[in-house]
Amino acid sequence: MSDSPLKVNCPTCGKIVIWNEESPYRPFCSKRCQLIDLGEWADEEKRIPSSGELSESEEWSEDE
Ligand SMILES: [Zn+2]
């Protein structure tokens, strides 16, 4: 068996996301899906998110 890359499903759209440096928004497939999940998609067009996001995943543990 080769070391196939870990794959996850985007929590927003369900698309397959390869878990490596090519997927900077993992587990989301894209920045759009990340923003949708955070509920900030509507705001994204109005203001650019400041740097320093992307490290709050531990606080996001809702189970529906
Ligand atoms: Zn997605």
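**Exercise 1.** Which residues does P27 touch, not counting residues up to four places away in sequence?

*Solution.* Begin by placing the residue in this predicted model: P27 is found in the loop between β2 and α1. Setting aside the residues up to four places away in sequence, P27 touches V8, C10, P11 and V17. For one of these partners, P11, the separation can be stated in two ways, since P27 and P11 are 16 residues apart in sequence, while their C-alpha atoms are 7.1 Å apart in space.

**Exercise 2.** Decide how P27 is classed by exposure, and describe the peptide bond that joins R26 and P27.

*Solution.* First count the neighbours: P27 has 16 C-beta neighbours inside 10 Å, and it therefore counts as partly exposed, given that a buried residue needs 20 or more and an exposed one has 12 or fewer. Next turn to the backbone, where the peptide bond between R26 and P27 is cis, with an omega of about 5°. For comparison, most peptide bonds are trans.

**Exercise 3.** Identify the residues of the largest nonpolar core, and trace the contacts of C10.

*Solution.* The largest nonpolar core holds 5 residues in all, namely C10, V17, F28, C29 and C33. Leaving aside neighbours within four places in sequence, C10 is in contact with V17, F28, C29 and C33, and its contacts also include K15 and P27. As a wider setting for this core, 11% of the 64 residues of the protein count as buried.

**Exercise 4.** Follow the order of the elements, then examine helix α1 and the residue just after it.

*Solution.* From the N terminus on, the elements run β-β-α-α, which comes to 2 helices and 2 strands. Helix α1 spans residues 31–38, and its buried residues are C33, Q34 and L35. Just after α1, G39 takes a positive phi of about 75°. Most residues other than glycine have a negative phi.

**Exercise 5.** State which elements have the highest and the lowest mean pLDDT, and consider how the coordinates should be read.

*Solution.* Across the protein the average pLDDT is 79, and 58% of the residues score at least 70. Among the elements, strand β2 (residues 16–18) has the highest mean, 96, whereas helix α2 (residues 41–44) has the lowest, 58. Where pLDDT is low, the predicted coordinates should not be read in detail.

Key:
Residues numbered from 1 in each chain as written. Predicted model: local features only at pLDDT ≥ 70, side-chain atom pairs only at ≥ 80, totals over all residues. Helix = DSSP H or I, 4+ residues; strand = E, 2+ residues; numbered from the N terminus. Core = buried A, V, L, I, M, F, W, Y, C linked by C-beta atoms within 7 Å. Contact = placed C-beta atoms within 7 Å. pLDDT = per-residue confidence, 0-100.
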